[in-house]
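Visitor: Please take one buried spot and look at it closely. Then work outwards to the packing around it. Keep it brisk.

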Amino acid sequence: MPIRILLAEDMNMVRGALVALLDLEDDLEVVCELERGDQIVPSALEHRPDVAIIDIDLPGIDGLTAAAELREQLPECRALILTSLGRPGALRRALSAQVAGFLLKDAPPHELAEAVRNVAAGRRVINSQLALSAWNSSQSPLTTRETEVLRLAAEGLEPIEIAGRLRLSLGTTRNYLTSVVTKLNARNRVDAIKIAMDADWLH
């Protein structure tokens with residue numbers, strides 16, 4: 001049985017593109033497409049989808065409010081929120097509403113199909129960059145020393161220079177940088193710097 005999908009997106013062209021994209025997958029089937037947030041719960045109760053893909057900005061009621069109502073009235077249907085802006089506040093609201101997924105619209109097409117499958121299987125799917133941005137500056141996972149090391153790395157200093165500036169051994173400095181990359185779920189030091197700067201943790 002294919003995974004049954006409700007799709008709520010108010011922009012006709014985007015909605016059409018998403019339907020076409022999902023219909024390319026043999027195991028996915030869009031059973032209902034909507035353009036308003038206040039249509040989501042009534043349509044879901046009628047069509048009984050497994051996953052509801054919901055744009056965050058919808059007329060009627062917004063996507064997160066609709067997702068929360070959907071969870072109350074049809075808990076077996078799991079919500080996957082789509083947004084064009086990775087606003088930390090929106091993600092925190094989405095997590096509070098206990099949505100199953102939160103994905104940026106500019107994610108690669110294959111990520112959407114994979115996210116639907118994961119959400120349908122009971123897993124939670126949240127873009128790691130967005131998850132980190134949901135922390136506010138006082139909630140940085142980095143220690144004071146890790147932040148100091150990363151700040152100097154962001155200024156262009158090499159590990160040997162950072163070690164000299166902070167009176168640390170080169171090995172200790174490298175350990176701090178490795179710890180930062182791991183904590184931020186970054187690909188490398190450059191990626192860690194970008195993540196920390198985007199989250200405003202280096203000031």
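A close look, then outwards

Guide: Start with arginine 15: setting aside neighbours within four places in sequence, it is in contact (heavy atoms within 4.5 Å) with Leu7, Glu9, Asp10, Glu33, Leu34 and Glu35. Arginine 15 sits in helix H1, residues 12-23. Helices (H or I, at least four residues) and strands (E, at least two) are DSSP runs, numbered from the N terminus. Arginine 15 is buried because its relative accessible area is 11%, and buried means under 20%, with exposed over 50% and partly exposed in between (1.4 Å probe, protein chains only).

A word on the source. This is a predicted model, where local features need pLDDT of at least 70 and side-chain atom pairs count only at pLDDT 80 or more, while totals for chains, interfaces and linings use all residues. Residues are numbered from 1 along each chain as its sequence is written, and side-chain values use heavy atoms, leaving out hydrogens and water.

Now the setting. The protein chain has ten helices and six strands. Of its 203 residues, 44% are buried.

Next, the largest nonpolar core. Such a core is a set of buried Ala, Val, Leu, Ile, Met, Phe, Trp, Tyr and Cys residues joined through side-chain atoms within 4.5 Å. This one has 25 residues, and Leu6, Ile40, Ile54, Leu70, Ile81 and Val99 touch the most other members. At least two core residues come from each of E1 (3-8), E2 (28-34), H2 (40-47), E3 (51-55), H3 (63-73), E4 (78-83) and H4 (88-96). H3 gives the largest share, four residues. Apart from this core lies another, of 21 residues, including Leu80, Leu82, Ala107 and Ala115.

Leucine 70 deserves a stop. Not counting residues up to four places away in sequence, leucine 70 touches Ile40, Val41, Ala44, Ala52, Ile54, Pro75 and Cys77.

That leads to the helix pair. The axes of H2 and H3 come within 9 Å and cross at roughly 35°. Axes here are lines fitted to C-alpha atoms, for helices over the stretch in contact, with angles from 0 to 180 degrees between N-to-C directions. H2 contributes Ile40, Val41, Ala44 and Leu45 to the contact, and H3 contributes Ala66, Glu69, Leu70 and Gln73.

Last, H5. Within H5, the residues Leu112, Ala113, Ala115, Val116, Asn118 and Val119 are buried. Glycine 122 follows H5, with a positive phi near 95°.
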